[in-house]
Structures are given as C-alpha cells and as structure tokens.
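Trainee: Can we go through this one together? I have it open and would like to start with the helices.

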Amino acid sequence: MSEESTPQSLEQDVLDELGENKLQELAGLLGTDATQAQDVVGSTVSALSGGLRERAEESTDGAQEVQQALAETEQPPLQGVATLGGLGGLASGGLMAGLLSKLSRPVANAVAKKTGLPAANVARGIEMLIPVILAVMTKRAARKK
C-alpha cells in the first residue's frame, strides 16, 4: 500500500513528526506516560483545529485572518522539528503561530479538564506542539502543490 493511498489524519501526522523521542519529552513535560501524551496530542490537535474553524466562522475579519495564516503555511520556510528550535520556535511560524498561540490557553484548559492533567503542564506541552503542528501544516501544503 503506497503512502499516498490513504491520507493520514492531522493527529497522526503530528505524532509522526514528533517521533518517539519527542513524544517521551512531551510526556515528561506533562508529567505522564507516552500513551496519555498521545491522547493530549489528539485532543490538542482537535481543539486547535476547531478553534481555527470557529475563528474563521465568527466574522469576516476572522475568516480573512485564518485564510492568510493558512496561505502563509504554504510558503516553504519550515523543514522539520529540528529546525524549529524546540520550545522557543513560535516566532518562526508567523500568522499561524500567532493564531495557534492565542488559542492555546483555552485549549490547554479544555485538554487539562478532559485529561485530568494540570493546566500549566498542558500549556507547556502545547507550546512544544505548536511548532510541530506548523511543520506538519507546511509539509501538507507542499504535498498539495
């Protein structure tokens, strides 16, 4: 079966981009094991995606902001997790990083409530995930060209 025959979910692409070592690092930040860290990735990706969708639907300005941010992810600057500088890599993501960052606090609270993990730990985990999500979005956009 070829890699392109079934498109992977965004969650699976993020997990693949993270790899086992970064997933273990995320689990450490969260104060949990790799299985629950995977659950946090899934919940975070879902909540951030939903947040972007809500932002786009709330107003014309919100829709424009999301469209511009998505268009920016089609530009080729990000080339994988190693180039992002880890936790401080938000600056390299531009508009989309800003949008995801704005959504991160309410998402952290929702994911913390769902998982029972401390919100502060989940917030740190999301900071680690945002550059990974940006890298995945950029790679996905490049594949569509």
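**Helices and a pocket**

Mentor: Start with helix 2, and keep in mind that this is a predicted model. The buried residues of helix 2 are Ala34, Ala37, Val40, Val41, Gly42, Ser43, Thr44, Val45, Leu48, Gly50, Gly51 and Leu52.

Trainee: What covers the buried residues of helix 2?

Mentor: The cover includes helix 1 (10-30), helix 3, helix 4 (94-115) and helix 5.

Trainee: And how many residues does helix 2 have?

Mentor: Helix 2 has 25 residues. From first C-alpha to last it reaches 36 Å, close to the 36 Å expected at 1.5 Å a residue.

Trainee: What about helix 5, how far apart are its end C-alpha atoms?

Mentor: They are 36 Å apart. With 26 residues at 1.5 Å each, helix 5 should span 38 Å, so the two values agree.

Trainee: Where in helix 5 is the kink?

Mentor: At Leu129, shortly before the proline Pro131. The kink is about 30°.

Trainee: Switching to single residues. Is Ser104 buried or exposed?

Mentor: Ser104, which sits in helix 4, has a relative accessible area of 18%. Buried means under 20%, so Ser104 counts as buried.

Trainee: Which residues is Ser104 in contact with, leaving aside neighbours within four places in sequence?

Mentor: Ile126 and Ile130.

Trainee: Now helix 1. Is Glu17 buried or exposed?

Mentor: Glu17 belongs to helix 1 and is buried, because its relative accessible area is 17% and the cut-off is under 20%. Its C-alpha lies 8.5 Å from that of Ile133, although the two are 116 residues apart in sequence.

Trainee: And what is the relative accessible area of Gln24?

Mentor: It is 43%, so Gln24 is partly exposed. Gln24 is also found in helix 1. Between the C-alpha atoms of Gln24 and Ala37 there are 8.0 Å, with 13 residues separating them along the chain. Ala37 is one of the buried residues of helix 2.

Trainee: Last topic, the second largest pocket. How many residues line it?

Mentor: The lining has 16 residues, and Leu10, Leu52, Leu70, Met137 and Arg140 lie nearest the centre of the pocket. The space in this pocket is about 340 Å³.

Trainee: Which helices each supply at least two residues of that lining?

Mentor: Helix 2 (34-58), helix 3 (60-73) and helix 5 (119-144).

Trainee: And how does the lining of that pocket split by class?

Mentor: It has 10 nonpolar, 2 polar and 4 charged residues.

Terms used:
Residues are numbered from 1 along each chain as its sequence is written. This is a predicted model: local features need pLDDT of at least 70, side-chain atom pairs count only at pLDDT 80 or more; totals for chains, interfaces and linings use all residues. Side-chain values use heavy atoms; hydrogens and water are left out. On a 1 Å grid over the protein atoms alone, a cavity is a set of points where a 1.4 Å probe fits but cannot get out, and a pocket is an open set with protein on both sides within 12 Å along at least five of seven lines; lining residues have an atom within 4 Å of a point. Grid points are joined across faces, edges and corners, and a volume is the space filled by probe spheres set on the points. Helices (H or I, at least four residues) and strands (E, at least two) are DSSP runs, numbered from the N terminus. Ala, Val, Leu, Ile, Met, Phe, Trp, Tyr, Cys and Pro count as nonpolar, Asp, Glu, Lys and Arg as charged, and the others, Gly among them, as polar. The expected span of a helix is 1.5 Å times one less than its number of residues. Buried means under 20% relative accessible area, exposed over 50%, partly exposed in between (1.4 Å probe, protein chains only). Contact means heavy atoms within 4.5 Å. The bend at a residue is the angle between axes fitted to the seven residues ending there and the seven starting there.
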